[in-house]
Number of protein chains: 6
Amino acid sequence: MFYQDSELQYPVEVEDPNPLFAKMLQQAIGGLEGEMRVAMQYFFQAAAVPDEHAQYREALRDTAAEELGHIEMLATAVRKNLRGAPTSFADAEDGRDFAALAGLHPRQFLSSGLNAMPTDSAGVPFNGAYVVATGNLASDMYANITAESGGRLLATRLYEMTDDPGMEDMLAYLIARDTMHQNQWIAILKDLGDSEEPFDVHPVPDSFPNEAENQEFNYDFMSTNREAESDPGEAWTGGEAPDGKGEFSFINQIELDGQTISIPTPDPGTYNSPKPPQED
Amino acid sequence: MFYQDSELQYPVEVEDPNPLFAKMLQQAIGGLEGEMRVAMQYFFQAAAVPDEHAQYREALRDTAAEELGHIEMLATAVRKNLRGAPTSFADAEDGRDFAALAGLHPRQFLSSGLNAMPTDSAGVPFNGAYVVATGNLASDMYANITAESGGRLLATRLYEMTDDPGMEDMLAYLIARDTMHQNQWIAILKDLGDSEEPFDVHPVPDSFPNEAENQEFNYDFMSTNREAESDPGEAWTGGEAPDGKGEFSFINQIELDGQTISIPTPDPGTYNSPKPPQED
Amino acid sequence: MFYQDSELQYPVEVEDPNPLFAKMLQQAIGGLEGEMRVAMQYFFQAAAVPDEHAQYREALRDTAAEELGHIEMLATAVRKNLRGAPTSFADAEDGRDFAALAGLHPRQFLSSGLNAMPTDSAGVPFNGAYVVATGNLASDMYANITAESGGRLLATRLYEMTDDPGMEDMLAYLIARDTMHQNQWIAILKDLGDSEEPFDVHPVPDSFPNEAENQEFNYDFMSTNREAESDPGEAWTGGEAPDGKGEFSFINQIELDGQTISIPTPDPGTYNSPKPPQED
Amino acid sequence: MFYQDSELQYPVEVEDPNPLFAKMLQQAIGGLEGEMRVAMQYFFQAAAVPDEHAQYREALRDTAAEELGHIEMLATAVRKNLRGAPTSFADAEDGRDFAALAGLHPRQFLSSGLNAMPTDSAGVPFNGAYVVATGNLASDMYANITAESGGRLLATRLYEMTDDPGMEDMLAYLIARDTMHQNQWIAILKDLGDSEEPFDVHPVPDSFPNEAENQEFNYDFMSTNREAESDPGEAWTGGEAPDGKGEFSFINQIELDGQTISIPTPDPGTYNSPKPPQED
Amino acid sequence: MFYQDSELQYPVEVEDPNPLFAKMLQQAIGGLEGEMRVAMQYFFQAAAVPDEHAQYREALRDTAAEELGHIEMLATAVRKNLRGAPTSFADAEDGRDFAALAGLHPRQFLSSGLNAMPTDSAGVPFNGAYVVATGNLASDMYANITAESGGRLLATRLYEMTDDPGMEDMLAYLIARDTMHQNQWIAILKDLGDSEEPFDVHPVPDSFPNEAENQEFNYDFMSTNREAESDPGEAWTGGEAPDGKGEFSFINQIELDGQTISIPTPDPGTYNSPKPPQED
Amino acid sequence: MFYQDSELQYPVEVEDPNPLFAKMLQQAIGGLEGEMRVAMQYFFQAAAVPDEHAQYREALRDTAAEELGHIEMLATAVRKNLRGAPTSFADAEDGRDFAALAGLHPRQFLSSGLNAMPTDSAGVPFNGAYVVATGNLASDMYANITAESGGRLLATRLYEMTDDPGMEDMLAYLIARDTMHQNQWIAILKDLGDSEEPFDVHPVPDSFPNEAENQEFNYDFMSTNREAESDPGEAWTGGEAPDGKGEFSFINQIELDGQTISIPTPDPGTYNSPKPPQED
């Protein structure tokens, strides 16, 4: 179950309200890189973790609830940045106010009355497809490191945009939490294996029997350059692969001898034929 | 530029056509875990890689083109599984044929005449939001390991579903390629750093100045359990963090002293007030 | 069947074209609160109303056709606001024209040549999921009051934005129609019951047998505050409930004794396990 | 802030797992009528409630957290219904198992390894556009009564589908909570006004000045029947309107004298003209 | 304005209700090839037609209203096919009823109580992006021929699926209307030009000045085969082009001498660099 | 299979970077009228073409690969237009820079670090539903002429917007390619028939037996004007239809004698009834 109280995790102050920054902050609420995504992602992942991994389930639930608190902080930041926003063309004939009204996230006024919305910075609604929860903890941990990397990158770019001290302080906190979250998911990734090596659970899913995959092609880097090239000697074209289970090599797609494309005439019932049926 | 020829990378044979498996294969074409996503993801990532990392750009373009070939293979597999599919209720009164017609991906017949479509297995169209390309190579590599983990997991589950020898052979090939792709993106991730350590470029983005983030909260695991708990001694609640830049510790959210939520009366122009304006 | 003529319901004039207001008006065309939504909503609801309620079906069809006329009015308003809009950066070097071009709904020029589009103000296409039609008239009437409340709120905010006399006149008309539509759906809601009381058909659906629902929890307000609280004495924590079928009371979620989460080990065929299968 | 513990609100048992019912339950998780929607809806509404209405804010937050617990219950129900689901065509040659595999929510296996997903019963991802939060509490309360009516209707239909005692027990609980939630939002709606009358805050938004709306058309029922009809004497074509501020009357759209549609030649820069520019 | 009456354009009878055919029919209501799309497409196109083309505007409005009537017919067909549909697993233990329940469009029961919905056959909601209205009548007429071709193709495939006499009769009517609509839009396309030739208004938009386009590449067929090929002598690689304004020729992409890809180092403020800033 | 090299098809230069034009260009990348759509459309269409039409399959694959090259060119144009874009409010206090920041495609900075994205100009992600591939080549060719008409129209409007010599040069090239592509798909359309006449394969699909469609209504233009009108004598209300298989005539919808709408009482299990079950 979930509980709530009326506190924010960290103070949210805005010295100089900026309605355009309110638009930008939406990316961190309802965007692909946002907090609704991570909150729901950890929630759904947790719901699939079996009891033998209960410690990871608890970590996922802990952070799911923490992220709900981040949505609150960001919604507060949006509302404070929208204080006094221009909403009338008559009052914003030209200059900075007119440009601000031109660039407003229109639904922050029209749909929600100067409050945060479950959309991204372009006004695209949050999409459940952002949420990755595969049932496999190793795969999920990569999805989480990815999400927190994208989230931290977004927060640093928002930090770059603003020079409001309150916003910088809030973002410095969120950036710190993303640092932590990246580290904790990596720690769990390593904990899942039998050694300190993070790639001990690779290739994901590691539970698929090795002998069932095609052993001829599983460590070949495939160049698709239209000219057959020779091995450039990169870290991914030779030497031991990071999973410790094979040696990289280099092939050219052009030399593959797969199969020539051939497609038979479709069934008449599809009405795929562009012409009338032939009479005899 | 891109080029093409009329060959498939690897043979695609179906011994016993199964229209329901044709539906399942759509997940690997137009789904979140599918080949359209990785093809477009590597394509857009490559378009942002600067010249000093040209070797990674070439690797991304190589694999983008390879994945286009995988879509072709899967589209072939779909078409072959739909050979002779029941498309008339009169010809499928009951039993297996009726159930197959009940479970058909309806648009594989109605919209495309028994061919593959740019949708997932549920019929949801491919979405550009699946494509992650951040401009930051470390972040992108995590997105790629995630994508290939999800893709390999999907392929193993499809392998579990079928016992058609042709489909098993095709999937064993695709699983092998996903093994390779996981390894090659990890290899690039390690290559990006200055050591063999994959977390040398952490926290992502590593180019944000350390001193600007909130140093008080960047290595604290935050428990949100409604009861204040003590440190459970997990790998993510103490010890050195994987990025080698901090020590994990453990805190309870309940003890944070952020800020009490307080929201002022909105501006009349928002018409947020549920009541008519007060007259004096 | 549906018919048309070449008249608008009400005059639409624009004295001072404003391409940014053309963008805002899109919310009332293709947005969640817009006219495409209500037109389609009343249309689909009508298609489910049985003959014993034919008078409501006629009312729904009447208003569906009326709303189609509102889309026309708004499309006219969009086109008139886009007259002479800046579409060339060379002709809009800076100032108000440059800001207007910066804030333009880009697809109103690029996709439709300075005309209205089936999108909202942010450019997000109309979505069939906005349309609520449940088959149950009481539930549908609430959806309609909600839609008309959101629509009227939107129209008042658009009214706030503009001071163009033509636009004010058009919006004053649309606001009036939303007043009427709210009232007519409430009138039908009351008419559905056996008394003047609007909650006579509650809880929706009222056709579900009372004894089948869990009688222990159906009038308890559940506090989820992390601290067990005592009854605050609000109108929803005590006294007779509005449906006249129960007495409100107050409980704390924390005291519920449901079930501890427990999840068994998944089947190997899911490949959920992050580790290879154990050998003995 | 939000907190969590490892308890479910109410027990969730499944005696006879049914993978098709697992698909149906998704509607109550990620569908328009589902729990993700109400949880997020109450969360975003609360974030806009000013301090003078703090008691409503607390009620919204209380129920937001309660609904998160309902997602958990439903995710548990999905997982338990998927126990032992057929996932291999070889093991489900025909009969009930084959039909179950045909009808499976494909992504419940392929994407999540037999767990719940953030989608509806058709596999369509949850969409932020389901979430209605307008900044106006009266409008929001109607959205909430609508949401809980749709939710209770869905739960009764799910109840109709199943005869598993565990599922019936869980649904009886959720139906009870939907009864309560309908009542509590109605109670708040009434509490918002200055009388016991629920329509005291009508028309929504009641804060828009009456004199600004078009007083000629705000209580006219408009028939759009292609034949001019006379007043049918319904509750919405005459008598006092429910908001107590006007008298219903009846008009025929056909008699309106708005404006004839007229559209000038577009600017050449739109390239709207289907023909080449005329030379002189 | 739009008007309605209580008649269907053409009778809709179902002799043998088939809930799975009800699912298939949804493609013709809310799908890409469906009637909501054409109704809205003709409606939005009409709203952009200037007075000098008023005869085309009237034709578009005529057919927009006609298509609304087709949605009604199809909604009726859906409802009649859902009469007596299995909605309880207890009543559908196995066989045909169980398979029908497995294959049901779940929301036709769960969301709408056995009625039509604004979705396609897979349950994906109607999307405004299906609607093409460009402001240019020649472009719009092609979009319309495309829409009616796709619509007629869909109707023939639905005809193939069913052998219910009522459904065949309804579909034969809809197929006939699609024949007419294809022909009428072609007739308008020809009417737009100054000759009987349909390609007299090509290339679309014909109002763009010829001399401004790149005259070197506008009639070259470009082979992208990875091997430089010679002209295959097809109708599109030589001879006069259909627009009568150029001669086709044949080139190989491989011989183009465009530009080598080169991307400079990004600005530090993007945080695109995967590494920390270098110190000196 | 697909191959790549590191060349662009045509040079892409930007003399005067314009971040707002970078936003506009997104429409040509990930929009309905964009290059991702045509690349994927030709790719999926090709995958359905049977061997007897192999020459069309090769043409589709040739142009699919060419369009991938256009995405590259446009991504390059976006990146070059974003060089030096304002990304900090402190550095863009007012004037042109502030307006540019107000109008920025926010995700081009926040999500991708000043690079192109798989979205349209409004930030809406690319959608697989844009891709039309029906299995019927005649229908597909119309979809392709439509796509290239929309694409060329978009390119001419972008040309209208800019006066940057590099951008004009790139667009002049893309406009030329769209001219060619329109012509080549028309050439294939004509080639599909047995005569030079493009409508020789009409009505699409021409493979449906004529006698099965309703011969009474397949050449009638249907006026839906609310007043029964007489034949206006247009090219689509009389004379031979373009498919050469019928004569146009003119009817009024109002005179149709279809069927009066009648809907029976729904089954109690739907809970559609707004009232409790009646007791006796």
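Contact here means heavy atoms within 4.5 Å. Keep that in mind as you look around this predicted model.

**Stop 1: chains D and F.** Select these two chains together. A rotation of 180°, with 0.0 Å of shift along its axis, lays chain D onto chain F with an RMSD of 0.0 Å. The two copies are thus related as by a two-fold rotation axis. To find that axis, pick D:R226: of the residues of chain D, its C-alpha comes closest, at 3.2 Å. Of the interface residues of chain D, 100% are also interface residues in chain F, so the copies meet through the same surface.

**Stop 2: a sheet in chain A.** Now show chain A and find the open, mixed sheet of three strands, in the order β3-β5-β4. Its edge strands are β3 (220–223) and β4 (239–240), each pairing on one side only. Strand β5 (residues 247–252) runs parallel to β3(A), and four bridges join the pair. For one bridge, select A:D220 and its partner A:S249 in β5(A). Then add helix α7 (residues 165–192) of chain B, which packs on this sheet, touching β3 and β5 of chain A, with its direction at about 90° to that of β3(A).

**Stop 3: where chains A and B meet.** Display both chains: 99 residues of chain B are in contact with 99 residues of chain A. Together they bury about 8400 Å², 60% of it on carbon and sulfur atoms. Which side chains should you pick for a salt bridge? Choose A:R152 and B:E213, which meet at 2.5 Å, N to O. Two salt bridges are counted between these chains. Finally, color α7(B): 15 residues, the largest share of the side of chain B that touches chain A, come from this helix.

Key: Residues numbered from 1 in each chain as written. Chains lettered and ligands numbered in written order. Predicted model: local features only at pLDDT ≥ 70, side-chain atom pairs only at ≥ 80, totals over all residues. Heavy atoms only, no water. Pairing = 2+ DSSP bridges. Helix = DSSP H or I, 4+ residues; strand = E, 2+ residues; numbered from the N terminus. Axes fitted to C-alpha atoms, helices over the stretch in contact; angles between N-to-C directions. Least-squares fit on C-alpha atoms with pLDDT ≥ 70 in both. Buried area = accessible area lost by both parts, 1.4 Å probe. Salt bridge = Lys/Arg side-chain N within 4 Å of Asp/Glu carboxyl O.
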